[in-house]
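Please examine the model shown below. The paragraphs that follow lead through its architecture step by step.

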Amino acid sequence: MECVYCKGKLKKSEAPFTLERPDYQIHWNGLPAYVCTQCGEPAFEEKALELIEKAVESIEREKDRLAV
Ligand SMILES: [Zn+2]
């Protein structure tokens, strides 16, 4: 596996992930990812991306209840 940006080597590690939406923002301090040893760009694991998707789905489902 190589970095899509600089073709550097990827190392299994973790990286922060932020998702911005018009009315909220989700931030994880560390999710499993392959991080480029050259430029530091992370490539998140499929499993992590699926979990993010699920988390966002449930927030989208419940967020109206938080409306002021
Ligand atoms: Zn890179």
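The model is predicted, and its hairpin offers a convenient starting point. Two strands, β1 and β2, are joined by a hairpin through 2 residues. Strand β1 covers residues 10-21 and strand β2 covers residues 24-36; the two pair in the antiparallel sense over 11 bridges. Within this pairing, T18 has H27 in β2 as its bridge partner.

The nonpolar core may be considered next. The largest such core comprises 11 residues, namely A15, F17, L19, Y24, I26, L31, A33, V35, F44, I52 and V56. At least two residues of this core come from each of β1, β2 and α1 (46-62). Strand β2 provides the largest share, with 5 residues. In soluble globular proteins, nonpolar side chains tend to be buried together. One of the core residues, A33, illustrates the surroundings: beyond its neighbours within four places in sequence, A33 is in contact with K11, K12, S13, E14 and A15, as well as with P42, A43, F44 and E45.

The metal site completes the picture. Four cysteine sulfurs, the SG atoms of C3, C6, C36 and C39, coordinate the zinc ion at 2.3 Å. Along the chain, these donors follow the spacing C-x2-C-x29-C-x2-C. The arrangement is tetrahedral because the 4 donor atoms subtend angles of 101 to 115° around the zinc ion, and all angles must lie between 85 and 135 degrees for four donors to count as tetrahedral. Two of the ligands may be set side by side: C36 is buried, with a relative accessible area of 4%, whereas C39 is partly exposed, with a relative accessible area of 40%.

Conventions:
Residues are numbered from 1 along each chain as its sequence is written. This is a predicted model: local features need pLDDT of at least 70, side-chain atom pairs count only at pLDDT 80 or more; totals for chains, interfaces and linings use all residues. Side-chain values use heavy atoms; hydrogens and water are left out. Donors are N, O and S atoms within 2.8 Å of the metal (3.2 Å for Na, K and Ca); water is not among the atoms, so sites may look incomplete. Four donors count as tetrahedral if all angles lie between 85 and 135 degrees; four count as square planar and six as octahedral if opposite donors are over 155 degrees apart and all others between 65 and 115; anything else is irregular. Buried means under 20% relative accessible area, exposed over 50%, partly exposed in between (1.4 Å probe, protein chains only). Two strands pair if DSSP finds at least two bridges between them. Helices (H or I, at least four residues) and strands (E, at least two) are DSSP runs, numbered from the N terminus. A nonpolar core is a set of buried Ala, Val, Leu, Ile, Met, Phe, Trp, Tyr and Cys residues joined through side-chain atoms within 4.5 Å. Contact means heavy atoms within 4.5 Å.
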